[in-house]
Amino acid sequence: MTETKTRSPEFRLAAGAIDGLRQDLFHDVFDYRPLGPLGTGGPVIKRLPKAIRTRAVWTPHAVVGAVALISLLAGVFEANTYSVFGIFTLITGVVPSAALLMTLVRPVLAFWVSIASTPVVAAAGNGDWPWGPNAFACHLGVLIVVAARTRPRTAAWMWAITLFVGTFLGNFGHINASTTAPMAVASAFALLLVTVVQVRREAEREVTVQRTVTAVERDRRTLLEERTTIARELHDVVAHHMSVVAIQAEAAPYRVENPPPELEQAFVTIRENAVAALTELRRVLGVVRAEDYEAPDAPQPTLAEIGRLLDNVRETGLETEKTVTGAVRALPQGVELSAYRIVQEALSNTLRHAPGATAKVEIGYVLGGLGVRVVNGPARGLVKPSPGAGHGITGMRERVAMLNGEMTAGATGDGGYEVAVFLPVPAERERTEAGEGA
């Protein structure tokens, strides 16, 4: 029987730390990852003139290049005291600068090059140990750039390795002053600042993603709610007509003296089909109907009740004006209901978003359908606009699309808002032929 050994929390913690070190600083060391330009939408860059903005996106590259160039010149000046000028210039000037420039394309490899070259550069120079002025600046720059281009955990590993190498090399120095402590303090503050910026940026990115997902879900829920509302209202319209068909089909045989059996059977079939359709309609609607929904007691409104709607709106302080053009006629109930709801929602948006404004409602009866236009002026007075949930325009578009109509909505030149809708209505003969064909 094999005994199962349980690993201690300390062992798991150490194993996790080793795995993190291997993942951050040993895995894909030679990856080619060129540093791209900054985005133009940053809080600072977007305020700059366009001519400067196109160049400002390369600021990190320019800063790294400037530090590398200054370090190279400092290394050449330091090596000027040696007899073998070329070799020491290559070591003390070029190597630290090259490691810093390497962070722009291979960040992890640049850190190891900077660490590995530290004792060589220190031995070739005659300044502070183990980091001279130019090597100090370059290695600190390497730490900052690599930390900014990797995860926050990597900054801790690089700082620990730098401190270990500096402490180890300090035992072999021939001078009293060591730059290990200044490097540890300066790099700690720099890496801490970079880590804080990274964590904040990541948090902002997560918040942006969550807001985007929330906005998409809210729009989808709004669309479903509007479609559910339309389905409920259409049920009330269609159910009324189907009930009338069923009742008339049942009473029709009694209106004719001695009707033939074929006619009686036809009316029975019509009634059965009407009742079956009504039952199926109610069953389907039950899927989208909310549990707390109660069918309205009053019939659904039509265009004949627009006047009453405007009177109610005027009582709230909104001055409205109605204009009707064309020959007023009875339209399909679905068209009249949709037109009424569109006017109602447009006026509600005016009350919410443009308090103190005036509104005009225009209804035009034309040969091919019905035109509805609601336009309001800019907000006036001391009352501030009230933000809405975004349901209004979505519901209007759903109603218009359901009837194969057209709709435009947008701001006017004077700061107001306009909603224009056209709902096609087939001629009476076309509706009759469509009903017979069905």
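Trainee: How many helices and strands does the protein chain have?
Mentor: Welcome! Helices (H or I, at least four residues) and strands (E, at least two) are DSSP runs, numbered from the N terminus. This is a predicted model, where local features need pLDDT of at least 70, side-chain atom pairs count only at pLDDT 80 or more, and totals for chains, interfaces and linings use all residues. Residues are numbered from 1 along each chain as its sequence is written, and side-chain values use heavy atoms, with hydrogens and water left out. The protein chain has 13 helices and 5 strands.

Trainee: What share of the residues in the protein chain is buried?
Mentor: Buried means under 20% relative accessible area (1.4 Å probe, protein chains only). Of the 438 residues in the protein chain, the buried share is 34%.

Trainee: Which element gives the most to the largest nonpolar core?
Mentor: A nonpolar core is a set of buried Ala, Val, Leu, Ile, Met, Phe, Trp, Tyr and Cys residues joined through side-chain atoms within 4.5 Å. The largest has 29 residues, and Leu 347 is among those touching the most other members. Elements giving two or more residues to this core include helix 10 (306–315), helix 11 (333–353) and strand 3 (369–376). With 7 residues, the top contributor is helix 11.

Trainee: Where around helix 7 do its buried residues lie?
Mentor: Helix 7 covers residues 152–170, and its buried residues include Thr 154, Met 158, Ile 161 and Leu 169. The arc is taken from the directions from the helix axis to the C-beta atoms. The buried residues cover an arc of only 135° around the axis, so they lie on the same side of helix 7.

Methods:
Buried < 20%, exposed > 50% of the residue type's maximum accessible area, 1.4 Å probe, protein only. Expected span 1.5 Å × (residues − 1).
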